[in-house]
Amino acid sequence: MYPMLRTLSLRLHSIITSTYVSGAHSVVFINCPSEQIARDIARTILEKKLAASVNILPKASSLYLWKGEMEEASEILLLIKTKTSKVPMLFSYVRLVHPFAIPEVFSLPMDQGDVQYLKWLEESMEDQAGESSCASC
């Protein structure tokens, strides 16, 4: 509930002052084990209007510690642009569908951005009634 109230207050502040309030939008990072899994997750995120845009960045080499051992893998990075209020729903969805036991999912708030781009982000995540939708998140 708090993220939605925060978003509404940020939106109202932006409208009244004609300025962008830092943190109203976020970039979410998710590593996936294959391009097909990355594409499937990206498509569903967009269909559910949990984000407005997803970049699929090819083959990142990852080194990490897992259960006390050093692991090395090739992964695909999703770079997702969304409203900060949608981040908890996005995280919940990813935990349900991601094949990793502990998916690498984190977000960073956007400090600034092109006003027209940010407006497009907002409009892209609304359904026809002007509300966001995610029935199964």
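**Exercise 1. Salt bridges**

Task: In this predicted model, determine how many salt bridges there are when a side-chain nitrogen of Lys or Arg must lie within 4 Å of a carboxyl oxygen of Asp or Glu.

Solution.
Step 1. Apply the cut-off to the side chains of E35 and R39: N and O are 2.8 Å apart, and the pair is a salt bridge.
Step 2. K83 and E122 also qualify, with their closest N and O atoms 3.6 Å apart.
Step 3. For K119 and E123, the closest N and O atoms are separated by 3.7 Å, which again gives a salt bridge.
Step 4. The count is therefore three salt bridges under the 4 Å criterion.

**Exercise 2. Placement and exposure of the pairs**

Task: For the pairs E35 and R39, K83 and E122, and K119 and E123, state where the partners lie in the chain. Then decide whether K83 and E122 are buried or exposed.

Solution.
Step 1. E35 and R39 belong to helix α2 (residues 35-47) and stand four residues apart, so about one helical turn separates them. E35 has 40% relative accessibility and is partly exposed; R39, at 33%, is likewise partly exposed.
Step 2. The salt bridge between K83 and E122 joins distant parts of the chain: K83 is in strand β3 (residues 69-83) and E122 in helix α4 (residues 115-124), 39 residues apart. Both K83 and E122 are buried, that is, under 20% relative accessible area.
Step 3. K119 and E123 lie four residues apart in helix α4, so they too are separated by about one helical turn. K119 is exposed, with a relative accessible area of 52%, whereas E123, at 46%, is partly exposed.

**Exercise 3. Helix α2**

Task: Compare the span of α2 with its expected value, and establish how its buried residues are arranged around the axis.

Solution.
Step 1. The 13 residues of α2 reach 18 Å from the first C-alpha to the last, close to the 18 Å expected at 1.5 Å a residue.
Step 2. The buried residues of α2 are A38, I41, A42 and I45.
Step 3. Viewed down the axis of α2, these buried residues fall within an arc of 100 degrees, so they line one face of the helix.
Step 4. The cover over the buried residues of α2 includes β1 (25-32), β2, β3 and α3 (87-97).
Step 5. After α2 comes K49, with a positive phi near 60 degrees.

**Exercise 4. Positive phi at K59 and K67**

Task: Give the phi values of K59 and K67, and locate each residue.

Solution.
Step 1. K59 is a residue other than glycine, yet its phi is positive, near 25 degrees. K59 lies in strand β2 (residues 53-66) and is exposed, at 66% relative accessibility.
Step 2. K67 is not a glycine either, and its phi is about 55 degrees, a positive value. K67 is in the loop between β2 and β3 and is exposed, with a relative accessible area of 72%.

**Exercise 5. A nonpolar surface patch**

Task: Which residues form a nonpolar patch on the surface, and where does L65 lie?

Solution.
Step 1. The patch consists of L63, L65 and M70, which together have about 390 Å² of accessible area.
Step 2. L65 is located in strand β2. With 65% relative accessibility, L65 counts as exposed, because the cut-off for exposed is over 50%.

Definitions and conventions
Residues numbered from 1 in each chain as written. Predicted model: local features only at pLDDT ≥ 70, side-chain atom pairs only at ≥ 80, totals over all residues. Heavy atoms only, no water. Helix = DSSP H or I, 4+ residues; strand = E, 2+ residues; numbered from the N terminus. Buried < 20%, exposed > 50% of the residue type's maximum accessible area, 1.4 Å probe, protein only. Expected span 1.5 Å × (residues − 1). Arc of directions from axis to C-beta. Contact = heavy atoms within 4.5 Å. Patch = residues over 30% accessible without salt bridge, like charges linked within 9 Å, V, L, I, M, F, W, Y side chains within 5 Å. Areas by Shrake-Rupley, 256 points an atom, 1.4 Å probe, with all protein chains shown as cover.
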